[in-house]
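Trainee: Please take a close look at the surroundings of the ligand for me. Then cover the empty space and the cysteines.

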Amino acid sequence: MKIAVVGLGYVGLPLALQFARSCVDVLGIDVDARKVQLLNNGQSYIKHIEELVIAELLRTRKFSASTDFSLIKEVEAVIICVPTPLNKNREPDLSFIMQTGRSIAPHLAKKALVVLESTTYPGTTDEELRVVLEEESRMKAGVDFHLAFSPEREDPANQQSNVKRIPKVVGGYTPACLKHAIALYSRAVETVVPVSSCRVAEASKLLENIFRSVNIALVNELKIVYDAMGIDIWEVIHAAKTKPFGFMPFYPGPGLGGHCIPIDPFYLTWKAREYGKHTRFIELAGEINTAMPEHVVHRVVDALNARNKPVSRSRVLILGLAYKPNVDDERESPSYVLMNFLAERGAEVAYYDPYVPVIKPTRAHPQFTGRKSVEWDRATIENFDVVLIATNHSSVNYHELGDWARCIVDTRNAMAGVQVVSEKIWKA
Ligand SMILES: NC(=O)c1ccc[n+]([C@@H]2O[C@H](COP(=O)([O-])OP(=O)(O)OC[C@H]3O[C@@H](n4cnc5c(N)ncnc54)[C@H](O)[C@@H]3O)[C@@H](O)[C@H]2O)c1
């Protein structure tokens, strides 16, 4: 069997490699010629994806990459893993999905299966993508080609989790489409979970992400309330999670980051309006979570004040630019927001992140492009007035930090268990 995976990012590349490992011939397609060239040279641009794996699959000809959409004519299935961001008005931007649909449709073989994996609102696959595919291919979905939706469940940096073992929800446009999609994924993943439609599959992914967003907002709010009462939220969660049923721990932080949790829930908010419905939990969680960086900055100001330092002209080091520990993904990271807020208040801001040596250009924060992570040594660290822990990478030596830093604002409880004079540490 030969398939194509379109969009070789954090989702598409591991998926493509998993199919290739499962004896499927995989053609990876991306519009980014640099990524395609790196892959064909056996190089990886995602930290947790090993070059050895890519090189071996290239050697055995199970995997190759291209920018040429006309090669779609050779494959039996196409899996689409392109971005689904929000536009500047915070509305769904389906342009990547639509563009991909227009690019693959003219080359689609008869009876081929098209599966969308990008996170999106219910109706995208059977209304919007289907229409583009039908118009541009002059074929009918469910008759001439098959169509399905299967959401990705990536857990970057979790060593226990891999594409093969994570159950895969699949919904088809017709029962026959579902049958083809189940047959496809059964080749590469251990458990396939069929549902009755593409819309149910789309909605299940949104439920998963909204669940996280709402629960993170809950602990972020409780952090502030308990702090006012002199109670440490981390100790509370630690105690509560000993309950063996009906509780799942979520942890507070400096705000939401990554490509999914801050964005996806608002796909539903937008779509719900069409039905005259409001998504109050999503809005409230968004409000609380987006207010977190400001709360953290206030703690930094308090910590500096306590040392008779104005924030203006103070030297602040942000520890961790990636949005979560042990990954190199800094998309939508609250660290950028923190850097912005502190710089606006006149602070001199730098960052340390072993996973992000240089800041790549971003649309949202172009002013930080090209900035480099500082070195990790006593002379550098003790030179800052305050170190703000935004991400708790496990490779960081927190004992050294406790020893070297003058003052630490900790949003991740990273200093728990490190012996430091208590006046040095501010939880935020
Ligand atoms: N990153 C995650 O942990 C994660 C988890 C679950 C779901 N998702 C969802 O999966 C989708 C992809 O996310 P990602 O993190 O892999 O994004 P990404 O930005 O890492 O990768 C997307 C890739 O698609 C390519 N691309 C863009 N337009 C294209 C086009 N028209 N044709 C071909 N290639 C194109 C880009 O060059 C890029 O390589 C999104 O909808 C996201 O919400 C992501």
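Mentor: The ligand comes first, then the cavity, then the cysteines.

This is a predicted model, where local features need pLDDT of at least 70, side-chain atom pairs count only at pLDDT 80 or more, and totals for chains, interfaces and linings use all residues. Residues are numbered from 1 along each chain as its sequence is written, and side-chain values use heavy atoms, with hydrogens and water left out.

The ligand is surrounded by 26 residues (a residue counts if one of its heavy atoms lies within 4 Å of the ligand). The closest are Val11, Asp30, Lys35, Thr84 and Thr119. Now the polar contacts (pairs of N or O atoms within 3.5 Å). Val11 places a polar backbone atom 2.8 Å from a ligand oxygen. For Tyr10, a polar backbone atom is 3.0 Å from an oxygen of the ligand. Arg331 uses its side chain: an N or O atom there is 3.0 Å from a ligand oxygen. Taken alone, the ligand exposes 830 Å², and the protein buries 92% of that (accessible areas come from the Shrake-Rupley method with a 1.4 Å probe).

Next, the empty space. One cavity of 30 Å³ or more is present (on a 1 Å grid over the protein atoms alone, a set of points where a 1.4 Å probe fits but cannot get out). The largest cavity holds about 50 Å³. Its lining (residues with an atom within 4 Å of a point) is Pro151, Glu152, Arg153, Val163, Ile166, Pro167 and Lys168. By class, that lining has four nonpolar, no polar and three charged residues.

Last, the cysteines. The whole structure has zero disulfides (cysteine sulfur pairs within 2.5 Å). Cys81 is in none, and the nearest cysteine sulfur, that of Cys260, is 12 Å away. That gap is too far for a bond. Cys81 counts as buried because its relative accessibility is 10% (buried is under 20%, exposed over 50%, partly exposed in between, with a 1.4 Å probe and protein chains only). Cys260, at 32%, counts as partly exposed.

Technical notes. On a 1 Å grid over the protein atoms alone, a cavity is a set of points where a 1.4 Å probe fits but cannot get out, and a pocket is an open set with protein on both sides within 12 Å along at least five of seven lines; lining residues have an atom within 4 Å of a point. Grid points are joined across faces, edges and corners, and a volume is the space filled by probe spheres set on the points. Ala, Val, Leu, Ile, Met, Phe, Trp, Tyr, Cys and Pro count as nonpolar, Asp, Glu, Lys and Arg as charged, and the others, Gly among them, as polar. A polar contact is a pair of N or O atoms within 3.5 Å; within protein, one must be able to donate a hydrogen and the other to accept it, and residues adjacent in sequence count only if both atoms are side-chain atoms.
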